[in-house]
Amino acid sequence: MDKSSSEEESDISESEIDVYAEKPYELMKNGNYKVKVKDTFRCPFCSGKKKQHYKYKELLAHASGVAKGSSSRSAKQKANHFALAKYMQNELAGDSDVPRPQIPSSSSKQSQAVVDDVYVWPWMGIVIYPVRRTDNNYYLLDSAYWSKKLACFDPFEVKTLWLEQDSVVAVIPQFNSGMSGFKSATELEKEYEIRGCGKKDWSDKRGDWRSKTYGWCARSDDYNSQGSIAEYLSKVGTLRSFSDICKEEIQNKNSVVDDLANKIAMTNENLNKVQYKYNQKAISLREVLKEKDALDRTYKAESKKMQESSRDNLNRIFREKERLTNELEAKMNNLKIWSKELDKKQALTELERQQLDEDKKKSDVMNSSLQLASLEQKKTDDRVLTLVEEHKRKKEEILNKILQLEKESDSKQKLQMEIQELKGKLQVMKHEDEDDDDVKQKMKKMKEDLEEKCSELQDLEEFNSALMIKERQSNDEIQEARAVLTTELRELLSERTIIRVKRVGELDEKPFMRACKQRFTAEEAAVQHAILCSKWQENLKDSAWHPFKHVGTGDKKTEVVDEEDEQMKNLREEWGEEVKNAVKTALEELNEFNPSGRYSVPVLWHSKQGRKASLKEVIDYMTQQLKILKKRKRVA
């Protein structure tokens, strides 16, 4: 980057980003910067990055994330990416890969009719039931009765009205306001049209019309008509065209995509900060561990040095003691000789006697001094011996503790074997000579050993009980952690990830759809597929149906699906092996993960290996994904 561009970037403040963004916006609009290349998109301001090709949503998320990024981003980068996001939203919105709502119709003319029709929204249906003489009006006006009867169309509310003029019950099921609700409403209309009981048939009322039930999707003519039905429709709904609803759905999805892109950008920023703090803590921890190892090595070296010094001092003291003892004995011998010589000289002159007395006094004084020195030497020797004995005693205590710890580490099985062996010896000795004192002493000692072993065995059992309690607590914590992971990861993982949240016990609908398409037309196959799946999902929940059998014996005895069960055989004969296997798989999953409830439950699942994922696998996978996100962030 040259000097002028650096000065230009430094002159841009946070408040001037919107103003500066106009220039790159005009350059992109005039074609100076290329954003769309064939069917892909690129960022003209990140040419040095590894990733150059994006989808529309990916590039829009990248531009929005940088524009709203942390303070580490320069103001120029934010302004350029702000202009890029604005250009994509204003100029390239038509190239968005956001899927358009699908109109459930089989021909272009019908599709255009659906788009042009004006419907009552939220989506509603109208079902007309002519009352016969044998019918119970109480049940026919009960919303719960019709909710159950129309459950295959998944209405979230049902309203019943009594039309006195025609003596009929009008049922108005209301569906959710999304495209799934529109699909349910149109499926209801098609279902009754297939039976020849659509809106036109109700208007014509030909033949025995009171023996049929009629149904259709509520539209503008129903809303603008006269009577109780029109009043209820105008009260709870409004008239909207299908095209307006589709546009609103697209706008809502685009808004959700933008929000998610912003959240991803902010999450990536936070992730980088957390990773930076983690790296700092890891470096600090490594330094502390190095210091600890150095201190440990120093301590061991100093301990060894002190032990060697203590041993050398003891040897030196012993040698010094031996030398002083020898010198003292030599001087004592010399004094004795001198004393004998003095005794021989008693016959000498008075002067010599006086001199001899003086010499004798000097000898006594010297002898007394030597005796005192000998006493001090003896005290010194006693102190040295005391120190040696203390050192030896402490060493023996340490050895005894080590032996005691080794004995305490023996297994429970060894104690039990020793107890059984002691009991056997006691039984043998009882049959020996009971008057023998040696035998009595041995039996007494063996009883004491037996009591001691039993006490140790009891301590071991208490320790094992504490370990079992700790294990149960750990298992409870693991199950709680698995439940939290399952709940939190449900929205983060998808069907395409290796680790995902699967509802075990639910039917795989694909084999049912393939079987229906082989027998029926496209429209009829969808209806039959929905009916068949709903029926067998209910059969799976029925606790009275238990198509299992036991195979194997002893510890190898297991419970498997009985394929010779009456319903399973009928299903295989009617719909084929693939459909039967789908039901069998759902039964096996229910029997393994929720045999008492017989309803599907969410489970962390390993997609590649087709089994329940362990906590370690889930944590390893999430760690790997975080590393991938970090690498992508660096590339971006």
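Lys-200 is exposed, with a relative accessible area of 59%; exposed here means over 50%, buried means under 20%, and partly exposed is what lies in between (1.4 Å probe, protein chains only). Its salt-bridge partner is Asp-204, at 3.3 Å from N to O, where a salt bridge is a side-chain nitrogen of Lys or Arg within 4 Å of a carboxyl oxygen of Asp or Glu. Both residues sit in helix 10, four residues apart, or about one turn of the helix. Asp-204 is partly exposed, at 34% relative accessible area.

A word on the model itself: it is predicted, so local features need pLDDT of at least 70 and side-chain atom pairs count only at pLDDT 80 or more, while totals for chains, interfaces and linings use all residues. Residues are numbered from 1 along each chain as its sequence is written, and side-chain values use heavy atoms, with hydrogens and water left out.

Zooming out, the protein chain has 21 helices and 13 strands. Helices (H or I, at least four residues) and strands (E, at least two) are DSSP runs, numbered from the N terminus. Of the 636 residues in the chain, 29% are buried. The accessible surface comes to about 43,400 Å², and 51% of that belongs to carbon and sulfur atoms; such areas come from the Shrake-Rupley method with a 1.4 Å probe, and for residues only the protein chains shown count as cover. Among contacts in the chain with a separation of 6 or more, 62% link residues 24 or more positions apart, a contact being heavy atoms within 4.5 Å.

Now for the sheets. Strands of a sheet pair through backbone hydrogen bonds, either parallel or antiparallel. One open sheet has four strands in the order 5-6-4-7, with antiparallel pairing; two strands pair if DSSP finds at least two bridges between them. Strand 5 (157–163) and strand 7 (214–217) are the edge strands, each pairing on one side only. On average, neighbouring strands of this sheet are turned by 20 degrees against each other, direction ignored. Inside the sheet, strand 4 (residues 125–130) and strand 6 (residues 168–174) run antiparallel and are joined by four bridges, and Ile-128 has Ala-170 in strand 6 as its bridge partner.

Two helices lie across parts of this sheet. Helix 9 (residues 179–194) crosses strand 4, strand 6 and strand 7, at about 145 degrees to strand 7. Helix 12 (residues 228–236) crosses strand 4, strand 5 and strand 6, at about 150 degrees to strand 5. For these angles, axes are lines fitted to C-alpha atoms, for helices over the stretch in contact, and angles run from 0 to 180 degrees between N-to-C directions.

Gln-174, in strand 6, is buried, with a relative accessible area of 9%. Not counting residues up to four places away in sequence, Gln-174 touches Pro-122, Trp-123, Met-124, Pro-155, Phe-156, Glu-157 and Tyr-232. One of these, Pro-122, belongs to the loop between strand 3 (118–121) and strand 4, and the peptide bond from Trp-121 to Pro-122 is cis, with omega near 0 degrees. Most residues other than glycine have a negative phi, and most peptide bonds are trans. Asp-154 has a positive phi of about 60 degrees although it is not a glycine; its place is the loop between helix 8 (143–149) and strand 5, and it is exposed at 55%.

A second open sheet has three strands in the order 9-12-13, again with antiparallel pairing. Strand 9 (499–504) and strand 13 (611–612) are at the edges with a single partner strand each, so one side of each has no neighbour in the sheet. Six bridges pair strand 9 with strand 12 (residues 601–606), including the one between Val-501 and Leu-604. Helix 21 (residues 615–635) lies across strand 9, strand 12 and strand 13, at about 135 degrees to strand 9.

Back to the charges: the structure holds 14 salt bridges. In one of them, Lys-580 meets Glu-577 at 2.7 Å, N to O. Both lie in helix 20 (residues 577–593), three residues apart. Lys-580 is buried, at 1% relative accessible area, whereas Glu-577 is partly exposed at 39%. Salt bridges that share partners join Glu-563, Glu-577, Lys-580 and Lys-584 into one network.
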